[in-house]
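Thanks for making time this morning. I would like to walk through one model with you, starting from a single helix and working outwards, so please bring it up on your screens.

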Amino acid sequence: MLKDGAVWALGAMSGTSLDGVDAAMLHTDGLRILDFGTSGYRAYFEGERAVLRAALGRWPGAGLEPALEVIQSAHVELLTQFPGAQLVGFHGQTLAHEPRGRGTHQLGDGAALAQALGKPVVWDFRSADVSLGGEGAPLAPFFHWACARHIGATEPLCFLNLGGVGNLTWVDPRAETPEAEGALLAFDTGPANAPINDLVAERLGLDCDLDGRLARKGRVEDGALELFLDEGFFRKMPPKSLDRDDFSLMLDLVRELSDADAAATMTGMAAAAVMQGMEHCPKPPARVLVTGGGRKNPVMMRMLAAGLDCPVEPVEKAGLDGDMLEAQAFAYLAVRVARGLPTSAPDTTGVAAPVGGGQISRPESVQG
C-alpha cells in the first residue's frame, strides 16, 4: 500500500465542541504534504448532540451504545463519499481524558468502520502515548510541522487551535523531522469554545456565540478572570493537556453575570489562557496562525491580537484550511502509523521517547 511512499489518506475528526464530523483527503508520504484533496462535513443533529453530551466524561462500559451508534453512523455516512481514499485515519469522539489517572477514552470502533468502508482504518491514536507516560494530546503538532514546511516558513511560528479546548504548537520549521529535539513544543492552553458553547446552550438554547455577537455586547469581569487564571493548570510546565470539562468552574464564575458579560468574560478567559501559554515558547514566534472555530470569533481574535507581540492571523492567510486542519492531521498521522513512524514525542506530549500510536484494522480482519 505504501510502496511508493505516498498515498491519498482520508482523515476524520469529531471534536469536543460536538458540532459534527470533518473529513479531508491528504496526499502524503508521512513526512511531506504533497497535495490537499477534497473535504466534507457532516453536522450532528441536535438529538445526536444531546446523546453525545450525555456521554461526556464517561469511561468504557455499559450504556454507551447510543453514543457509539451516533459516532459510527455519522462517520460512515460521510466517509463513504471519498472513494479515492487508500487509508483512513479515525480519531473517534473523546469522552474522557485523564492521562495521569484512568487514561484516555475515544469512543469509536475502527475495526467496524474498516468493515463498513472496505478500507484500512488507523485508530486509537492516543492510548500508546498515554501508556508510556505521555499526555496523549495534542496530536496535531507533527502535522503542524509539515504545514510549516509546506508553506515555506523559515523561522519559528505557532499554530493555535481554538476548538473546544485550546492548544498551541510552537514549530521550528528548520528541523529535519518533527520528532527531532527542538522541532516542536505543544500543549493545551486551556478551555476555548466548549465552555462558551455550554453557556449559550444553557442560557439561550444556542449552539454557539456566532461571530462573537453576544460577547461583543458585554464587558470582561476582571475579578472572574483573575480567579480563572489562578487555576493550578496554568502553573504547570508543558507538555500538558486537558479534558473538555476540566474547567467547569468557568460557568460558576460567570453565574451572576448578564448573558453578554458572561460571554465576554469567558471569551476573555480563553484568550488570556493563550497569552499565558505563549510564555512557554522557546523563542518568540514570527506569527501565530489560528485554526478551529475560534478564529471565526472576531472578539476572540481582537483580544489575542491586542495581547500578543506578533501578528495573529487565521491559517487561511497562509493558504491552509482552518476548518479541516485537524481532519488533515489524522490523515497525516495515519500514514505515519502505517509507515512505522512516530506520531508524538517528549516535547509534544511529554512521552519518554518518540512513539508511534494507533492500531490498523483492515476489512478482512473483521470478517467473521
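Let me begin with helix 3, residues 110-117, whose buried residues are Gly110, Ala111, Leu113, Ala114 and Leu117; buried here means under 20% relative accessible area, exposed means over 50%, and partly exposed is what lies in between, with a 1.4 Å probe and protein chains only. These residues sit on the same side of helix 3, because they cover an arc of only 160° around the axis, the arc being that of the directions from the helix axis to the C-beta atoms. As general background, an α-helix has 3.6 residues a turn, so residues three or four places apart point the same way. What do the buried residues of helix 3 pack against? They pack against helix 2 (65-79), strand 4 (87-98), strand 6 (121-123) and strand 12 (359-361), where contact means heavy atoms within 4.5 Å.

I should say how to read all this. This is a predicted model, in which local features need pLDDT of at least 70 and side-chain atom pairs count only at pLDDT 80 or more, while totals for chains, interfaces and linings use all residues. Residues are numbered from 1 along each chain as its sequence is written, and side-chain values use heavy atoms, with hydrogens and water left out.

Stepping back to the whole protein, there are 13 helices and 12 strands, helices (H or I, at least four residues) and strands (E, at least two) being DSSP runs numbered from the N terminus. With 368 residues, a compact globule would have a radius of gyration near 21 Å, and the 19 Å of the protein agrees with that; the radius is taken over C-alpha atoms, and the globule rule is 2.2 Å times the number of residues to the power 0.38. Of the 368 residues, 57% count as buried, and among contacts between residues at least 6 apart in sequence, 69% join residues at least 24 apart.

Now to some backbone details. A cis peptide bond, with omega about -10°, joins Ala137 and Pro138, and Pro138 has its place in the loop between helix 4 (127-131) and helix 5 (141-150). The bond from Pro238 to Pro239 is also cis, with omega near 0°, and Pro239 is found in the loop between helix 8 (222-229) and helix 9 (249-253). Asp124, in the loop between strand 6 and helix 4, has a positive phi near 55° although this residue is not glycine, and Asp124 is partly exposed at 26% relative accessible area. For Asp211, in the loop between helix 6 (193-204) and helix 7 (213-216), phi is near 60°, and the relative accessible area of 32% makes Asp211 partly exposed.

Two strand residues remain. Is His105, in strand 5 (residues 103-107), buried or exposed? His105 counts as buried, at 7% relative accessibility, and, leaving aside residues up to four places away in sequence, His105 touches a set of residues including Arg58, Trp59, Gln93 and Leu95. Asn161, in strand 7 (residues 157-162), is buried with a relative accessible area of 4%, and, with residues up to four places away in sequence again not counted, Asn161 touches Gly166, Asn167, Thr291, Gly292 and Glu326. The C-alpha atoms of Asn161 and Asp188 are separated by 9.2 Å, although these residues are 27 apart along the chain.
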